[in-house]
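Student: Before we start, can I quiz you on the labels people attach to residues and spaces in a model? I'd like to hear the reasoning behind each one.

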Protein chains: 2
Amino acid sequence: MRRLLLTLQYDGTRYHGWQVQPNGVTVQETLQDAVERVTGVRSGITGCSRTDAGVHAEMFCCLTETSTRIPDGKLIKALNANLPGDIAVIGCREVGPEFHPRYSAAGKQYIYRIWNGPAPNPFWRGYALQRELPLDTGSMNATASLFLGTHDFSAFCSSGSSVEDKVRTVSVSRVERQGDLVTYTVEADGFLYNMVRIFVGTLLDVESGRLSRETVAEALTTGNRVQAGATAPACGLYLSRVFYPEDVF
Amino acid sequence: MRRLLLTLQYDGTRYHGWQVQPNGVTVQETLQDAVERVTGVRSGITGCSRTDAGVHAEMFCCLTETSTRIPDGKLIKALNANLPGDIAVIGCREVGPEFHPRYSAAGKQYIYRIWNGPAPNPFWRGYALQRELPLDTGSMNATASLFLGTHDFSAFCSSGSSVEDKVRTVSVSRVERQGDLVTYTVEADGFLYNMVRIFVGTLLDVESGRLSRETVAEALTTGNRVQAGATAPACGLYLSRVFYPEDVF
(Lines give C-alpha, C1' and ligand atoms only; values in the text may rest on other atoms or scores of the structure.)
Protein backbone atom coordinates (compact mmCIF):
# COMPACT_ATOMS: atom_id res chain seq x y z
CA MET A 1 0.00 0.00 0.00
CA ARG A 2 1.17 3.55 -0.77
CA ARG A 3 0.70 6.10 2.00
CA LEU A 4 -0.13 9.35 0.24
CA LEU A 5 -0.06 12.80 1.79
CA LEU A 6 -2.59 14.86 -0.16
CA THR A 7 -2.54 18.64 0.08
CA LEU A 8 -5.89 20.35 -0.51
CA GLN A 9 -7.40 23.77 -0.87
CA TYR A 10 -11.06 24.27 -0.27
CA ASP A 11 -13.74 26.89 -0.11
CA GLY A 12 -15.60 25.71 3.00
CA THR A 13 -18.80 27.67 2.34
CA ARG A 14 -20.86 24.70 1.21
CA TYR A 15 -19.45 22.16 3.67
CA HIS A 16 -20.17 21.08 7.21
CA GLY A 17 -16.46 21.18 7.92
CA TRP A 18 -13.84 18.53 7.23
CA GLN A 19 -14.95 15.52 9.21
CA VAL A 20 -17.62 13.05 8.02
CA GLN A 21 -20.85 13.53 9.92
CA PRO A 22 -24.41 12.33 9.51
CA ASN A 23 -26.17 15.65 8.92
CA GLY A 24 -24.32 17.38 6.14
CA VAL A 25 -21.85 17.08 3.31
CA THR A 26 -18.25 17.33 4.47
CA VAL A 27 -14.95 17.80 2.68
CA GLN A 28 -13.65 14.43 3.90
CA GLU A 29 -16.64 12.58 2.51
CA THR A 30 -16.46 14.45 -0.81
CA LEU A 31 -12.78 13.58 -1.12
CA GLN A 32 -13.47 9.92 -0.23
CA ASP A 33 -16.06 9.84 -3.02
CA ALA A 34 -13.48 11.17 -5.51
CA VAL A 35 -10.79 8.71 -4.35
CA GLU A 36 -13.29 5.87 -4.72
CA ARG A 37 -14.24 6.94 -8.25
CA VAL A 38 -10.57 7.19 -9.28
CA THR A 39 -9.16 4.07 -7.57
CA GLY A 40 -12.26 1.90 -7.33
CA VAL A 41 -11.75 1.48 -3.58
CA ARG A 42 -13.26 3.50 -0.72
CA SER A 43 -10.40 4.44 1.63
CA GLY A 44 -10.24 6.08 5.00
CA ILE A 45 -8.70 9.56 4.94
CA THR A 46 -7.09 11.14 8.02
CA GLY A 47 -6.99 14.93 8.19
CA CYS A 48 -4.50 17.28 9.85
CA SER A 49 -7.30 18.91 11.83
CA ARG A 50 -11.04 19.30 11.96
CA THR A 51 -12.22 22.51 10.40
CA ASP A 52 -15.67 23.83 11.27
CA ALA A 53 -18.55 24.42 8.90
CA GLY A 54 -17.80 27.39 6.63
CA VAL A 55 -14.07 27.51 7.44
CA HIS A 56 -11.75 27.58 4.41
CA ALA A 57 -8.39 25.98 3.77
CA GLU A 58 -5.56 27.34 1.66
CA MET A 59 -3.53 24.31 2.73
CA PHE A 60 -5.02 21.24 4.34
CA CYS A 61 -3.06 18.01 4.65
CA CYS A 62 -4.50 14.53 4.80
CA LEU A 63 -3.35 10.97 4.48
CA THR A 64 -4.84 8.10 2.57
CA GLU A 65 -3.61 4.60 1.85
CA THR A 66 -4.11 3.18 -1.59
CA SER A 67 -2.92 0.32 -3.74
CA THR A 68 -3.48 2.26 -6.95
CA ARG A 69 -0.46 2.51 -9.25
CA ILE A 70 -1.54 5.82 -10.78
CA PRO A 71 1.51 8.14 -10.52
CA ASP A 72 1.20 11.12 -8.16
CA GLY A 73 0.84 13.77 -10.88
CA LYS A 74 -1.85 11.86 -12.73
CA LEU A 75 -3.64 11.10 -9.47
CA ILE A 76 -3.86 14.83 -8.71
CA LYS A 77 -5.45 15.48 -12.11
CA ALA A 78 -7.82 12.52 -11.81
CA LEU A 79 -8.95 13.56 -8.33
CA ASN A 80 -9.50 17.16 -9.43
CA ALA A 81 -11.54 15.94 -12.38
CA ASN A 82 -13.74 14.09 -9.87
CA LEU A 83 -14.00 16.83 -7.25
CA PRO A 84 -16.40 19.76 -7.25
CA GLY A 85 -14.79 23.13 -8.07
CA ASP A 86 -14.67 24.24 -4.44
CA ILE A 87 -12.16 21.52 -3.46
CA ALA A 88 -8.81 21.05 -5.20
CA VAL A 89 -5.91 18.68 -4.65
CA ILE A 90 -2.75 20.75 -5.08
CA GLY A 91 -0.14 18.24 -3.95
CA CYS A 92 0.49 14.52 -3.52
CA ARG A 93 3.57 12.84 -2.08
CA GLU A 94 4.33 9.42 -0.72
CA VAL A 95 5.24 9.32 2.97
CA GLY A 96 6.74 6.75 5.29
CA PRO A 97 4.97 4.57 7.87
CA GLU A 98 5.71 6.97 10.75
CA PHE A 99 3.97 9.97 9.23
CA HIS A 100 0.66 11.12 10.70
CA PRO A 101 -1.02 14.25 9.30
CA ARG A 102 -2.05 15.49 12.76
CA TYR A 103 0.55 14.11 15.19
CA SER A 104 3.53 14.78 12.91
CA ALA A 105 2.62 18.45 12.50
CA ALA A 106 4.94 20.82 14.36
CA GLY A 107 2.43 23.63 14.05
CA LYS A 108 -0.13 25.39 11.92
CA GLN A 109 -0.85 28.82 10.63
CA TYR A 110 -4.35 30.26 10.44
CA ILE A 111 -5.38 33.50 8.79
CA TYR A 112 -8.54 35.43 9.62
CA ARG A 113 -9.69 38.08 7.13
CA ILE A 114 -11.82 41.11 7.96
CA TRP A 115 -13.16 43.45 5.28
CA ASN A 116 -13.01 46.85 6.96
CA GLY A 117 -14.17 49.25 4.26
CA PRO A 118 -16.77 52.02 4.39
CA ALA A 119 -19.19 49.81 2.43
CA PRO A 120 -19.59 46.01 2.28
CA ASN A 121 -17.56 44.20 -0.39
CA PRO A 122 -19.57 41.65 -2.39
CA PHE A 123 -16.43 39.74 -3.37
CA TRP A 124 -15.47 39.06 0.25
CA ARG A 125 -18.96 37.90 1.23
CA GLY A 126 -18.45 34.43 2.71
CA TYR A 127 -14.66 34.93 2.65
CA ALA A 128 -14.17 37.62 5.29
CA LEU A 129 -15.98 39.07 8.24
CA GLN A 130 -17.29 42.48 7.16
CA ARG A 131 -16.84 45.29 9.69
CA GLU A 132 -17.71 48.86 8.85
CA LEU A 133 -16.32 50.80 11.82
CA PRO A 134 -12.63 51.53 11.22
CA LEU A 135 -10.32 49.11 13.04
CA ASP A 136 -7.06 50.34 14.54
CA THR A 137 -4.45 47.71 13.76
CA GLY A 138 -2.00 49.26 16.25
CA SER A 139 -4.47 48.75 19.06
CA MET A 140 -5.43 45.30 17.78
CA ASN A 141 -1.76 44.29 17.75
CA ALA A 142 -1.42 45.37 21.36
CA THR A 143 -4.14 42.84 22.19
CA ALA A 144 -2.87 40.22 19.73
CA SER A 145 0.58 40.25 21.33
CA LEU A 146 -0.96 39.08 24.63
CA PHE A 147 -1.54 35.68 23.03
CA LEU A 148 2.16 35.19 22.23
CA GLY A 149 4.06 32.60 24.23
CA THR A 150 3.07 29.53 26.18
CA HIS A 151 -0.25 29.77 28.02
CA ASP A 152 -3.16 27.71 29.19
CA PHE A 153 -5.74 28.83 26.63
CA SER A 154 -8.78 27.39 28.45
CA ALA A 155 -10.52 30.80 28.24
CA PHE A 156 -10.11 30.70 24.45
CA CYS A 157 -11.67 27.31 23.83
CA SER A 158 -15.33 26.53 23.19
CA SER A 159 -17.00 24.05 25.45
CA GLY A 160 -17.48 20.64 23.95
CA SER A 161 -13.76 20.09 23.54
CA SER A 162 -12.51 16.79 24.95
CA VAL A 163 -8.90 17.95 25.03
CA GLU A 164 -7.51 18.02 28.58
CA ASP A 165 -4.20 19.78 28.16
CA LYS A 166 -5.01 23.29 27.01
CA VAL A 167 -1.48 24.64 27.08
CA ARG A 168 -0.30 25.80 23.66
CA THR A 169 2.57 27.94 22.40
CA VAL A 170 1.68 30.78 20.06
CA SER A 171 4.66 31.98 18.01
CA VAL A 172 3.00 34.48 15.66
CA SER A 173 -0.02 36.68 16.47
CA ARG A 174 -0.15 39.71 14.21
CA VAL A 175 -2.68 42.04 12.61
CA GLU A 176 -1.95 43.73 9.28
CA ARG A 177 -3.90 46.03 7.01
CA GLN A 178 -3.71 46.17 3.23
CA GLY A 179 -6.15 48.85 2.13
CA ASP A 180 -9.57 47.89 3.49
CA LEU A 181 -8.57 44.30 4.24
CA VAL A 182 -7.42 43.54 7.78
CA THR A 183 -5.69 40.19 8.24
CA TYR A 184 -4.94 38.40 11.48
CA THR A 185 -2.20 35.75 11.23
CA VAL A 186 -1.58 33.28 14.04
CA GLU A 187 0.84 30.37 14.32
CA ALA A 188 0.98 27.88 17.15
CA ASP A 189 2.12 24.35 17.88
CA GLY A 190 -1.55 23.42 18.17
CA PHE A 191 -4.97 24.99 18.41
CA LEU A 192 -7.94 24.34 20.67
CA TYR A 193 -11.54 24.15 19.51
CA ASN A 194 -12.53 27.58 18.09
CA MET A 195 -9.33 29.12 19.47
CA VAL A 196 -8.60 31.36 16.46
CA ARG A 197 -12.21 32.50 16.16
CA ILE A 198 -12.21 33.39 19.89
CA PHE A 199 -8.87 35.22 19.47
CA VAL A 200 -10.46 37.30 16.70
CA GLY A 201 -13.68 37.85 18.65
CA THR A 202 -11.52 39.03 21.55
CA LEU A 203 -9.56 41.46 19.35
CA LEU A 204 -12.85 42.91 18.10
CA ASP A 205 -14.47 43.04 21.53
CA VAL A 206 -11.51 45.03 22.86
CA GLU A 207 -11.84 47.44 19.90
CA SER A 208 -15.56 47.91 20.51
CA GLY A 209 -14.96 48.50 24.24
CA ARG A 210 -16.90 45.44 25.34
CA LEU A 211 -13.73 43.99 26.91
CA SER A 212 -10.66 45.66 28.37
CA ARG A 213 -7.19 44.50 27.45
CA GLU A 214 -6.56 43.93 31.18
CA THR A 215 -9.46 41.46 31.32
CA VAL A 216 -8.04 39.61 28.32
CA ALA A 217 -4.63 39.42 30.00
CA GLU A 218 -6.36 38.01 33.07
CA ALA A 219 -8.19 35.40 31.01
CA LEU A 220 -4.80 33.90 30.16
CA THR A 221 -4.24 33.09 33.82
CA THR A 222 -7.79 32.46 35.07
CA GLY A 223 -8.86 30.33 32.11
CA ASN A 224 -12.30 31.94 32.47
CA ARG A 225 -14.14 31.83 29.13
CA VAL A 226 -16.29 34.88 29.95
CA GLN A 227 -13.16 37.05 30.20
CA ALA A 228 -12.43 36.35 26.52
CA GLY A 229 -14.38 37.61 23.54
CA ALA A 230 -17.13 36.20 21.38
CA THR A 231 -16.47 33.52 18.76
CA ALA A 232 -16.01 35.31 15.42
CA PRO A 233 -17.89 33.89 12.41
CA ALA A 234 -16.38 30.96 10.52
CA CYS A 235 -16.40 32.60 7.09
CA GLY A 236 -13.28 34.72 7.69
CA LEU A 237 -11.11 31.81 8.85
CA TYR A 238 -8.57 29.98 6.70
CA LEU A 239 -6.25 27.16 7.64
CA SER A 240 -3.30 28.51 5.67
CA ARG A 241 -0.24 26.38 6.46
CA VAL A 242 0.63 23.14 8.19
CA PHE A 243 4.24 22.82 9.29
CA TYR A 244 5.97 19.43 9.27
CA PRO A 245 9.59 18.84 10.25
CA GLU A 246 11.37 17.57 7.10
CA ASP A 247 12.36 14.30 8.82
CA VAL A 248 8.81 13.07 9.43
CA PHE A 249 8.16 12.28 5.78
CA MET B 1 -36.51 65.32 -7.61
CA ARG B 2 -32.87 64.46 -6.86
CA ARG B 3 -30.96 62.73 -9.63
CA LEU B 4 -28.61 60.30 -7.90
CA LEU B 5 -25.64 58.54 -9.47
CA LEU B 6 -25.21 55.31 -7.52
CA THR B 7 -21.98 53.36 -7.79
CA LEU B 8 -22.26 49.62 -7.18
CA GLN B 9 -20.13 46.54 -6.83
CA TYR B 10 -21.65 43.15 -7.41
CA ASP B 11 -20.82 39.50 -7.58
CA GLY B 12 -22.82 38.54 -10.67
CA THR B 13 -22.84 34.78 -9.99
CA ARG B 14 -26.46 34.59 -8.84
CA TYR B 15 -27.88 37.13 -11.29
CA HIS B 16 -29.21 37.07 -14.82
CA GLY B 17 -27.18 40.18 -15.56
CA TRP B 18 -28.04 43.80 -14.88
CA GLN B 19 -31.21 44.43 -16.83
CA VAL B 20 -34.69 43.44 -15.61
CA GLN B 21 -36.01 40.45 -17.49
CA PRO B 22 -38.90 38.05 -17.05
CA ASN B 23 -36.97 34.81 -16.47
CA GLY B 24 -34.52 35.48 -13.71
CA VAL B 25 -33.46 37.74 -10.89
CA THR B 26 -31.36 40.68 -12.07
CA VAL B 27 -29.21 43.25 -10.30
CA GLN B 28 -31.40 46.12 -11.52
CA GLU B 29 -34.55 44.55 -10.09
CA THR B 30 -32.83 43.73 -6.78
CA LEU B 31 -31.64 47.32 -6.48
CA GLN B 32 -35.11 48.65 -7.35
CA ASP B 33 -36.52 46.50 -4.54
CA ALA B 34 -34.03 47.99 -2.08
CA VAL B 35 -34.71 51.57 -3.24
CA GLU B 36 -38.44 50.94 -2.85
CA ARG B 37 -37.99 49.58 0.68
CA VAL B 38 -35.85 52.57 1.68
CA THR B 39 -37.77 55.41 -0.01
CA GLY B 40 -41.25 53.91 -0.22
CA VAL B 41 -41.37 54.57 -3.97
CA ARG B 42 -40.45 52.21 -6.82
CA SER B 43 -38.20 54.16 -9.19
CA GLY B 44 -36.74 53.40 -12.58
CA ILE B 45 -32.96 52.89 -12.56
CA THR B 46 -30.81 53.42 -15.65
CA GLY B 47 -27.53 51.52 -15.86
CA CYS B 48 -24.24 52.39 -17.55
CA SER B 49 -24.34 49.15 -19.52
CA ARG B 50 -25.96 45.77 -19.61
CA THR B 51 -23.84 43.09 -18.07
CA ASP B 52 -24.52 39.45 -18.92
CA ALA B 53 -25.51 36.69 -16.53
CA GLY B 54 -22.57 35.77 -14.30
CA VAL B 55 -20.52 38.88 -15.12
CA HIS B 56 -19.23 40.82 -12.11
CA ALA B 57 -18.82 44.53 -11.49
CA GLU B 58 -16.14 46.22 -9.41
CA MET B 59 -17.68 49.54 -10.46
CA PHE B 60 -21.10 49.87 -12.04
CA CYS B 61 -22.81 53.24 -12.35
CA CYS B 62 -26.53 53.84 -12.47
CA LEU B 63 -28.95 56.70 -12.14
CA THR B 64 -32.17 56.93 -10.20
CA GLU B 65 -34.50 59.84 -9.47
CA THR B 66 -35.94 60.16 -6.02
CA SER B 67 -37.75 62.69 -3.86
CA THR B 68 -36.36 61.18 -0.64
CA ARG B 69 -34.54 63.63 1.62
CA ILE B 70 -32.27 60.99 3.15
CA PRO B 71 -28.69 62.36 2.85
CA ASP B 72 -26.32 60.52 0.47
CA GLY B 73 -24.24 58.82 3.18
CA LYS B 74 -27.26 57.54 5.06
CA LEU B 75 -28.89 56.42 1.83
CA ILE B 76 -25.83 54.26 1.03
CA LYS B 77 -26.08 52.58 4.45
CA ALA B 78 -29.85 52.12 4.18
CA LEU B 79 -29.59 50.60 0.70
CA ASN B 80 -26.80 48.24 1.78
CA ALA B 81 -28.89 47.15 4.76
CA ASN B 82 -31.64 46.24 2.28
CA LEU B 83 -29.47 44.59 -0.38
CA PRO B 84 -28.23 40.99 -0.37
CA GLY B 85 -24.51 40.61 0.41
CA ASP B 86 -23.54 40.12 -3.22
CA ILE B 87 -24.54 43.68 -4.20
CA ALA B 88 -23.17 46.79 -2.47
CA VAL B 89 -23.67 50.49 -3.04
CA ILE B 90 -20.25 52.10 -2.64
CA GLY B 91 -21.02 55.63 -3.78
CA CYS B 92 -23.86 58.13 -4.18
CA ARG B 93 -23.69 61.64 -5.62
CA GLU B 94 -26.23 64.07 -6.97
CA VAL B 95 -25.83 64.88 -10.65
CA GLY B 96 -27.26 67.53 -12.98
CA PRO B 97 -30.05 67.16 -15.52
CA GLU B 98 -27.65 66.49 -18.42
CA PHE B 99 -26.00 63.43 -16.91
CA HIS B 100 -26.79 60.01 -18.38
CA PRO B 101 -24.97 56.94 -16.99
CA ARG B 102 -24.49 55.41 -20.44
CA TYR B 103 -24.31 58.34 -22.88
CA SER B 104 -22.17 60.54 -20.63
CA ALA B 105 -19.51 57.84 -20.23
CA ALA B 106 -16.29 58.56 -22.12
CA GLY B 107 -15.21 54.96 -21.80
CA LYS B 108 -15.04 51.84 -19.68
CA GLN B 109 -12.48 49.43 -18.39
CA TYR B 110 -13.10 45.70 -18.20
CA ILE B 111 -10.87 43.12 -16.56
CA TYR B 112 -10.89 39.42 -17.38
CA ARG B 113 -9.24 37.04 -14.90
CA ILE B 114 -7.79 33.64 -15.74
CA TRP B 115 -6.48 31.27 -13.06
CA ASN B 116 -3.50 29.62 -14.76
CA GLY B 117 -2.06 27.38 -12.06
CA PRO B 118 -1.07 23.71 -12.17
CA ALA B 119 -4.22 22.82 -10.17
CA PRO B 120 -7.64 24.45 -9.99
CA ASN B 121 -8.09 27.16 -7.35
CA PRO B 122 -11.30 26.79 -5.31
CA PHE B 123 -11.26 30.48 -4.36
CA TRP B 124 -11.36 31.64 -7.99
CA ARG B 125 -14.19 29.28 -8.93
CA GLY B 126 -16.89 31.52 -10.41
CA TYR B 127 -14.48 34.49 -10.38
CA ALA B 128 -11.96 33.48 -13.03
CA LEU B 129 -11.70 31.17 -15.98
CA GLN B 130 -9.48 28.27 -14.91
CA ARG B 131 -6.85 27.18 -17.45
CA GLU B 132 -4.28 24.56 -16.61
CA LEU B 133 -1.95 24.73 -19.61
CA PRO B 134 0.64 27.47 -19.04
CA LEU B 135 -0.22 30.69 -20.87
CA ASP B 136 2.53 32.82 -22.40
CA THR B 137 1.66 36.42 -21.62
CA GLY B 138 4.24 37.69 -24.13
CA SER B 139 2.49 35.85 -26.93
CA MET B 140 -0.94 36.86 -25.62
CA ASN B 141 0.13 40.52 -25.60
CA ALA B 142 1.20 40.23 -29.23
CA THR B 143 -2.39 39.24 -30.02
CA ALA B 144 -3.93 41.70 -27.57
CA SER B 145 -2.11 44.62 -29.16
CA LEU B 146 -3.92 43.94 -32.46
CA PHE B 147 -7.12 45.22 -30.84
CA LEU B 148 -5.59 48.63 -30.06
CA GLY B 149 -6.80 51.60 -32.06
CA THR B 150 -9.96 52.37 -33.98
CA HIS B 151 -11.50 49.42 -35.82
CA ASP B 152 -14.80 48.03 -36.96
CA PHE B 153 -15.17 45.24 -34.38
CA SER B 154 -18.02 43.41 -36.17
CA ALA B 155 -16.03 40.16 -35.97
CA PHE B 156 -15.86 40.55 -32.19
CA CYS B 157 -19.56 40.99 -31.54
CA SER B 158 -22.14 38.30 -30.87
CA SER B 159 -25.17 38.18 -33.13
CA GLY B 160 -28.30 39.58 -31.58
CA SER B 161 -26.81 43.03 -31.19
CA SER B 162 -28.98 45.80 -32.59
CA VAL B 163 -26.08 48.28 -32.70
CA GLU B 164 -25.33 49.41 -36.26
CA ASP B 165 -22.07 51.30 -35.85
CA LYS B 166 -19.50 48.78 -34.74
CA VAL B 167 -16.50 51.07 -34.83
CA ARG B 168 -14.87 51.48 -31.44
CA THR B 169 -11.54 52.78 -30.20
CA VAL B 170 -9.56 50.53 -27.87
CA SER B 171 -6.96 52.45 -25.84
CA VAL B 172 -5.67 49.73 -23.50
CA SER B 173 -5.41 46.00 -24.29
CA ARG B 174 -2.89 44.32 -22.04
CA VAL B 175 -2.22 40.93 -20.46
CA GLU B 176 -0.36 40.67 -17.13
CA ARG B 177 0.59 37.81 -14.86
CA GLN B 178 0.84 37.89 -11.08
CA GLY B 179 1.84 34.42 -10.00
CA ASP B 180 -0.78 32.02 -11.33
CA LEU B 181 -3.31 34.74 -12.06
CA VAL B 182 -3.40 36.12 -15.60
CA THR B 183 -5.34 39.35 -16.05
CA TYR B 184 -6.49 40.93 -19.29
CA THR B 185 -7.30 44.65 -19.04
CA VAL B 186 -9.10 46.47 -21.83
CA GLU B 187 -10.30 50.05 -22.10
CA ALA B 188 -12.37 51.49 -24.93
CA ASP B 189 -14.79 54.31 -25.65
CA GLY B 190 -17.51 51.66 -25.93
CA PHE B 191 -17.97 47.93 -26.17
CA LEU B 192 -20.12 45.73 -28.40
CA TYR B 193 -22.16 42.77 -27.20
CA ASN B 194 -19.75 40.13 -25.80
CA MET B 195 -16.75 42.05 -27.20
CA VAL B 196 -14.44 41.49 -24.21
CA ARG B 197 -15.38 37.83 -23.91
CA ILE B 198 -14.64 37.34 -27.62
CA PHE B 199 -11.32 39.22 -27.25
CA VAL B 200 -10.38 36.78 -24.47
CA GLY B 201 -11.62 33.76 -26.41
CA THR B 202 -9.50 34.96 -29.32
CA LEU B 203 -6.39 35.36 -27.14
CA LEU B 204 -6.87 31.80 -25.88
CA ASP B 205 -7.64 30.34 -29.31
CA VAL B 206 -4.40 31.81 -30.66
CA GLU B 207 -2.50 30.28 -27.71
CA SER B 208 -4.05 26.87 -28.31
CA GLY B 209 -3.27 27.05 -32.04
CA ARG B 210 -6.92 27.02 -33.12
CA LEU B 211 -6.49 30.47 -34.69
CA SER B 212 -3.47 32.21 -36.19
CA ARG B 213 -2.62 35.78 -35.27
CA GLU B 214 -2.81 36.61 -39.00
CA THR B 215 -6.43 35.44 -39.12
CA VAL B 216 -7.24 37.61 -36.11
CA ALA B 217 -5.63 40.61 -37.81
CA GLU B 218 -7.73 39.89 -40.88
CA ALA B 219 -10.92 39.70 -38.79
CA LEU B 220 -10.40 43.38 -37.95
CA THR B 221 -10.81 44.28 -41.60
CA THR B 222 -13.23 41.59 -42.84
CA GLY B 223 -15.58 41.78 -39.84
CA ASN B 224 -16.03 38.03 -40.21
CA ARG B 225 -17.06 36.52 -36.85
CA VAL B 226 -15.60 33.09 -37.68
CA GLN B 227 -12.12 34.61 -37.95
CA ALA B 228 -12.31 35.60 -34.29
CA GLY B 229 -12.22 33.29 -31.28
CA ALA B 230 -14.85 31.68 -29.10
CA THR B 231 -16.76 33.65 -26.47
CA ALA B 232 -14.98 33.11 -23.14
CA PRO B 233 -17.15 32.26 -20.10
CA ALA B 234 -18.83 35.09 -18.22
CA CYS B 235 -17.41 34.22 -14.79
CA GLY B 236 -13.97 35.75 -15.43
CA LEU B 237 -15.32 39.12 -16.58
CA TYR B 238 -15.52 42.27 -14.43
CA LEU B 239 -16.70 45.72 -15.38
CA SER B 240 -14.00 47.53 -13.43
CA ARG B 241 -14.21 51.24 -14.21
CA VAL B 242 -16.53 53.69 -15.94
CA PHE B 243 -14.90 56.93 -17.06
CA TYR B 244 -16.91 60.16 -17.01
CA PRO B 245 -15.50 63.57 -18.00
CA GLU B 246 -15.63 65.76 -14.88
CA ASP B 247 -17.93 68.32 -16.58
CA VAL B 248 -20.83 65.92 -17.16
CA PHE B 249 -21.83 65.80 -13.51
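Student: Fine, this one is a predicted model. What is B:Ser158 in contact with, leaving aside its neighbours within four places in sequence?

Tutor: B:Ser158 is in contact with B:Tyr193, B:Asn194, B:Ile198 and B:Thr231. The cut-off for a contact is heavy atoms within 4.5 Å. As for its place, B:Ser158 sits in the loop between β7 (149-152) and β8 (167-178) of chain B.

Student: Why is B:Ser158 called buried?

Tutor: Buried means under 20% relative accessible area. B:Ser158 has 13% relative accessibility, so it counts as buried.

Student: And what makes the link between the side chains of B:Ser158 and B:Asn194 a polar contact?

Tutor: The two side chains are joined at 2.7 Å, and the limit for such a pair of N or O atoms is within 3.5 Å.

Student: Now A:Ala230. Why does A:Ala230 count as buried, exposed or partly exposed?

Tutor: Exposed needs over 50%, buried needs under 20%, and partly exposed is in between. With 39% relative accessibility, A:Ala230 therefore counts as partly exposed. A:Ala230 belongs to the loop between α5 (213-222) and β10 (237-243) of chain A.

Student: How do you know what A:Ala230 touches, and how far apart are A:Ala230 and A:Ile198 in sequence and in space?

Tutor: Not counting residues up to four places away in sequence, A:Ala230 touches A:Arg197, A:Ile198, A:Gly201, A:Thr202, A:Asp205, A:Arg210 and A:Arg225. From A:Ala230 to A:Ile198 there are 32 residues in sequence, but 5.9 Å in space, C-alpha to C-alpha.

Student: On to helices. How do you know that the buried residues of α5(B) line one face of the helix?

Tutor: Start with which they are: B:Val216, B:Ala219 and B:Leu220 are the buried residues of helix α5 (residues 213-222) of chain B. Down the axis of α5(B), those buried residues fall within an arc of 100°, so they line one face. The general background is that an α-helix has 3.6 residues a turn, so residues three or four places apart point the same way. The buried residues of α5(B) pack against α3 (137-144), β7 and α4 (195-207) of chain B, while the face turned away from the buried side carries the exposed residues B:Glu214 and B:Thr221. Just after α5(B), B:Gly223 takes a positive phi of about 70°.

Student: What makes the buried side of α2(A) a single face?

Tutor: In α2(A), the buried residues are A:Leu75, A:Ile76, A:Leu79 and A:Asn80. They fall within an arc of 130° seen down the axis of α2(A), so they line one face of the helix. Their cover includes β1, α1 and β4 (87-94) of chain A. Exposed A:Lys74 and A:Ala81 are on the face turned away from the buried side.

Student: Last topic, empty space. How many cavities of 30 Å³ or more does a search of the whole structure find?

Tutor: The search finds 2. The largest cavity has a volume of about 50 Å³, and the second largest holds about 40 Å³ of space.

Student: What lines the largest cavity, and how does its lining divide by class?

Tutor: Its lining is A:Leu4, A:Leu6, A:Val35, A:Thr39, A:Thr64, A:Thr66, A:Leu75 and A:Leu79. By class that gives 5 nonpolar, 3 polar and no charged residues.

Notes: Residues numbered from 1 in each chain as written. Chains lettered and ligands numbered in written order. Predicted model: local features only at pLDDT ≥ 70, side-chain atom pairs only at ≥ 80, totals over all residues. Heavy atoms only, no water. Helix = DSSP H or I, 4+ residues; strand = E, 2+ residues; numbered from the N terminus. Buried < 20%, exposed > 50% of the residue type's maximum accessible area, 1.4 Å probe, protein only. 1 Å grid on protein atoms, 1.4 Å probe; cavity = no way out; pocket = protein on both sides within 12 Å on 5 of 7 lines; lining within 4 Å. Points joined across faces, edges and corners; volume = space filled by probe spheres on them. Nonpolar A, V, L, I, M, F, W, Y, C, P; charged D, E, K, R; others polar. Arc of directions from axis to C-beta. Polar contact = N/O pair within 3.5 Å; in protein donor to acceptor, adjacent residues only side chain to side chain.
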